[in-house]
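These are my notebook entries on a structure I was asked to look through. I record what I looked up, entry by entry.

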Amino acid sequence: MLEDIVSPANLEKLRWLFTDPDKFHPKRTIAQITEEAAGKFADLAQSLNARGHAPQAVAHFLNQCLFCLFAEDAELLPAKMFERLLDKSQTDPAKLSTRLEALFASMQKGGDFGADDIAWFNGGLFEMVDVLPLIASEITTLHAASKLDWSGIEPSIFGTLFERGLDPKKRSQLGAHYTDQQSIMRIINPVIVEPLTAEWEAAKRIIAGRMALYEKGGKGSKNAMQEAQAAFIAHLERLKNFKVLDPACGSGNFLYSPCAR
């Protein structure tokens with residue numbers, strides 16, 4: 001009823017209609033959000049490639065944009081910086097290119113971007129700054145992607161986009177498929193996680209037994225402590241020297257997942 005609109009709860013819903021209509025959507029899974037994000041970047045990749053840009057340049061530029069979206073939602077960049085930059089440049093593609101170049105250059109070595117301090121982002125992603133000019137429809141797509149909650153999106157999308165962005169045969173799959181975490185862990189768990197966990201459990205039993213002897217004191221306690229330390233250090237060395245060979249690693253999602261854990 002009209003008179004019910006004045007209640008605080010209904011006024012809030014009315015406000016959402018104009019400011020945040022996504023709040024009315026049912027809660028979506030990480031996989032659904034990730035696929036939506038991948039779909040938007042697929043559209044961008046296909047549009048940029050269709051306009052004659054080299055696939056590797058497209059993949060690199062989109063991965064830089066992708067990283068910025070993660071970084072601002074993880075508070076590595078000032079809040080909503082990338083989203084605000086897109087918002088203020090929607091009608092001026094040339095100005096957007098200039099602003100993106102300045103931001104990426106600041107992230108390359110650390111520095112100022114307007115009144116904000118930008119940290120140095122190592123890893124080589126911003127060693128080369130080559131911003132591709134975007135047309136209005138591409139800016140709209142990127143702006144829509146920036147409004148998603150990137151803190152809830154699978155980082156494995158990085159590798160998937162890069163691999164498929166380089167391969168024309170796979171470009172049509174960009175928004176449709178990516179290797180989700182659950183599928184990856186069906187292989188990673190029995191091959192890597194479970195064997196290493198079993199080794200650690202065995203080491204812990206040795207350590208606990210030797211520490212029990214040490215705590216009792218008396219003859220042999222010093223040796224018991226040394227043996228406990230040796231078992232611990234041996235397992236650390238095992239982890240430090242552990243190597244994985246994935247000869248068909250593609251985008252690297254399988255190698256990333258156990259590290260993320």
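Is Phe 104 buried or exposed, and at what relative accessibility? I looked this up first and found 0% relative accessibility, so Phe 104 counts as buried. I note here that the model is a predicted one.

Entry on the partner of Phe 104. I found its ring centre 5.3 Å from that of Phe 126, with the two planes at 55°. The angle falls between the cut-offs of 30 and 60 degrees, so I recorded the pair as tilted. I then placed both residues: Phe 104 lies in helix α5 (residues 93–109), and Phe 126 lies in the loop between β2 (116–118) and α6. The two are 22 residues apart, and the pair links distant parts of the chain. Phe 126 has 2% relative accessibility and therefore counts as buried.

Entry on the wider aromatic set. I traced one aromatic cluster made up of Phe 67, Phe 104, Phe 121 and Phe 126. For the structure as a whole I noted 6 aromatic pairs. One of them joins Phe 70 and Trp 150, with 5.3 Å from centre to centre and 80° between the planes, and I entered it as edge-to-face. This pair also links distant parts of the chain: Phe 70 sits in helix α3, whereas Trp 150 sits in the loop between α6 (136–146) and α7 (157–166), 80 residues apart. I checked the accessibility of each partner. Phe 70, at 13%, counts as buried; the cut-off is under 20%. Trp 150 is buried too, with a relative accessible area of 0%.

Entry on helix α3. I read its range as residues 55–73, which gives 19 residues. From its first C-alpha to its last, the helix reaches 27 Å, close to the 27 Å expected at 1.5 Å a residue. How many of the 19 residues of α3 are buried? I found 15, so the helix is largely enclosed by the rest of the structure. Just after α3, I noted that Glu 75 takes a positive phi of about 65°.

Entry on Thr 34. I located this residue in helix α2 (residues 30–50). Its relative accessible area is 0%, so I entered Thr 34 as buried. How far apart are Thr 34 and Leu 148 in sequence and in space? I recorded 114 residues along the sequence and 9.4 Å from C-alpha to C-alpha.

Note on methods
Residues numbered from 1 in each chain as written. Predicted model: local features only at pLDDT ≥ 70, side-chain atom pairs only at ≥ 80, totals over all residues. Heavy atoms only, no water. Helix = DSSP H or I, 4+ residues; strand = E, 2+ residues; numbered from the N terminus. Buried < 20%, exposed > 50% of the residue type's maximum accessible area, 1.4 Å probe, protein only. Expected span 1.5 Å × (residues − 1). Phe/Tyr/Trp six-rings, centres within 6.5 Å; stacked < 30°, edge-to-face > 60°.
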